[in-house]
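Grab a pencil and work through these exercises with the structure open beside you. Each one gives a task, then a solution in steps.

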Amino acid sequence: MDQGLAAVIAGLAGAIGGASGAGLGARATARAMARQVRDQATTEHGQWIRDQRMQAYLTLTQEWDAAHRCLKNIWDQAEKVYYDDVNHILQGDIGEIYNAFLDQLEEAAAPTTTAFERVAMLGPSEVDNAALVLEQALQRLQALIRRQLVPPPERTTGWNSEQWDASELAAAEARQVFVDRVRRVLDIPPTPTPRA
């Protein structure tokens with residue numbers, strides 16, 4: 001009977017050990033599966049954010065380029081009017097044409113507003129900061145045109161192409177910084193947050 005009792009005790013110990021091991025294994029498996037689901041959800045969310053950012057960055061770049069072209073066109077047309085009709089300008093007869101340019105100027109960058117806001121919402125801050133510099137560059141170009149469209153006698157200087165060239169160079173540099181920051185952000189693939 002000692003051997004039988006020992007066998008029963010050994011069997012019970014084995015069963016208890018097996019059940020404990022199975023329970024621990026099941027818990028470990030459940031934790032691993034939960035972690036995998038969380039990691040997958042985090043990665044999918046990261047991919048969704050990345051896709052949203054990519055679309056926002058592309059839209060902003062397109063809208064900014066269109067606004068920049070529009071401002072350049074206004075500048076070129078106003079400069080041509082200035083040189084073609086400088087005598088009329090000096091007499092103050094050109095106000096209506098300049099007012100038409102001012103109206104175009106107000107409309108030129110309006111479509112970029114929503115694009116800038118979307119980038120600000122999606123971030124990250126390094127791209128948002130570059131977008132802010134890009135927006136300021138566009139505003140400087142608008143302000144420069146606005147100053148050039150002040151009719152005489154309020155305007156005491158001639159047409160100043162050097163300021164335009166400097167502002168346009170700064171705008172091109174701001175655009176390149178924006179593109180570089182965007183590229184850096186989009187080059188990082190979404191991954192789950194590492195667990196400590």
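**Exercise 1.** Are Tyr57 and Phe178 buried or exposed?

*Solution.* Start with the kind of model you're looking at: it is a predicted one. Now check the two residues: both Tyr57 and Phe178 turn out to be buried. Next, look at their rings. The centres of Tyr57 and Phe178 are 6.2 Å apart and the planes stand at 85°, which makes an edge-to-face aromatic pair. Finally, place them on the chain. Tyr57 belongs to helix α1 (residues 2-84) and Phe178 to helix α6, so this pair ties together parts that are 121 residues apart in sequence.

**Exercise 2.** Work out how the rings of Trp75 and Trp164 are arranged, and which helices they link.

*Solution.* Take the geometry to begin with. The ring centres of Trp75 and Trp164 lie 4.7 Å apart, with the planes at 15°. Planes under 30 degrees apart count as stacked, so Trp75 and Trp164 are a stacked pair. Then find the helices: Trp75 sits in helix α1 and Trp164 in helix α6, so the pair ties together parts 89 residues apart in sequence. As for burial, Trp75 is buried, and so is Trp164. With that, you've met both pairs, since the count of aromatic pairs comes to two.

**Exercise 3.** Step back and describe the secondary structure of the whole chain.

*Solution.* Count the elements: there are six helices and zero strands. Read from the N terminus, the order is α-α-α-α-α-α. For burial across the chain, 28% of the 196 residues count as buried.

**Exercise 4.** Decide how helices α5 and α6 run relative to each other.

*Solution.* A quick reminder helps here: two packed helices are described by the angle between their axes and the distance between the axes. Helix α5 covers residues 125-148 and helix α6 covers residues 161-186; they pack at about 165°, with axes 9 Å apart. That angle makes α5 roughly antiparallel to α6. The crossing of α5 past α6 is left-handed. Now sort the residues of this contact: 16 are nonpolar, two are polar and six are charged.

**Exercise 5.** Do the same for α4 and α5.

*Solution.* The angle between α4 and α5 is about 160°, and their axes are 9 Å apart. An angle over 145 counts as roughly antiparallel, and α4 and α5 are therefore roughly antiparallel to each other. This crossing, too, is left-handed.

**Exercise 6.** Compare the expected span of α5 and of α6 with the distance between their end C-alpha atoms.

*Solution.* Begin with α5. Its 24 residues should span 34 Å at 1.5 Å a residue, and the end C-alpha atoms are 35 Å apart, which agrees. Then take α6. Its 26 residues should span 38 Å at 1.5 Å a residue, and the end C-alpha atoms are 37 Å apart, which agrees as well.

**Exercise 7.** Pick out buried residues in α5 and α6.

*Solution.* Among the buried residues of α5 are Val127, Leu134, Leu138, Leu141 and Ile145, along with Gln142 and Gln148. In α6 the buried residues include Ser167, Glu168, Ala171, Val182 and Leu186. Now zoom in on Leu144, found in helix α5. Its relative accessibility is 1%, so Leu144 counts as buried.

**Exercise 8.** Where is the cis peptide bond?

*Solution.* For background, most peptide bonds are trans. The cis bond to find here joins Gly123 and Pro124, with omega at about -5°. To place it, note that Pro124 lies in the loop between α4 (112-122) and α5.

**Exercise 9.** Find how far apart some residue pairs are, in sequence and in space.

*Solution.* Go pair by pair, C-alpha to C-alpha.

- Leu144 and Asn160 are separated by 16 residues in sequence and by 9.2 Å in space.
- Ile74 and Gln104 are 30 residues apart in sequence, yet 7.5 Å apart in space. Ile74 lies in helix α1 and is buried, with a relative accessible area of 0%.
- Tyr83 and Trp159 are 76 residues apart in sequence and 8.5 Å apart in space. Tyr83 is also in helix α1, and at 49% relative accessibility it counts as partly exposed.

Technical notes. Residues are numbered from 1 along each chain as its sequence is written. This is a predicted model: local features need pLDDT of at least 70, side-chain atom pairs count only at pLDDT 80 or more; totals for chains, interfaces and linings use all residues. Side-chain values use heavy atoms; hydrogens and water are left out. Axes are lines fitted to C-alpha atoms, for helices over the stretch in contact, and angles run from 0 to 180 degrees between N-to-C directions. Helices (H or I, at least four residues) and strands (E, at least two) are DSSP runs, numbered from the N terminus. Angles under 35 degrees count as roughly parallel, over 145 as roughly antiparallel, 65 to 115 as roughly perpendicular and the rest as oblique. A crossing is left-handed if the near helix is turned anticlockwise from the far one by less than a right angle, and right-handed if clockwise. Ala, Val, Leu, Ile, Met, Phe, Trp, Tyr, Cys and Pro count as nonpolar, Asp, Glu, Lys and Arg as charged, and the others, Gly among them, as polar. The expected span of a helix is 1.5 Å times one less than its number of residues. Buried means under 20% relative accessible area, exposed over 50%, partly exposed in between (1.4 Å probe, protein chains only). Rings of Phe, Tyr and Trp (its six-membered ring) pair if their centres lie within 6.5 Å; planes under 30 degrees apart count as stacked, over 60 as edge-to-face and the rest as tilted.
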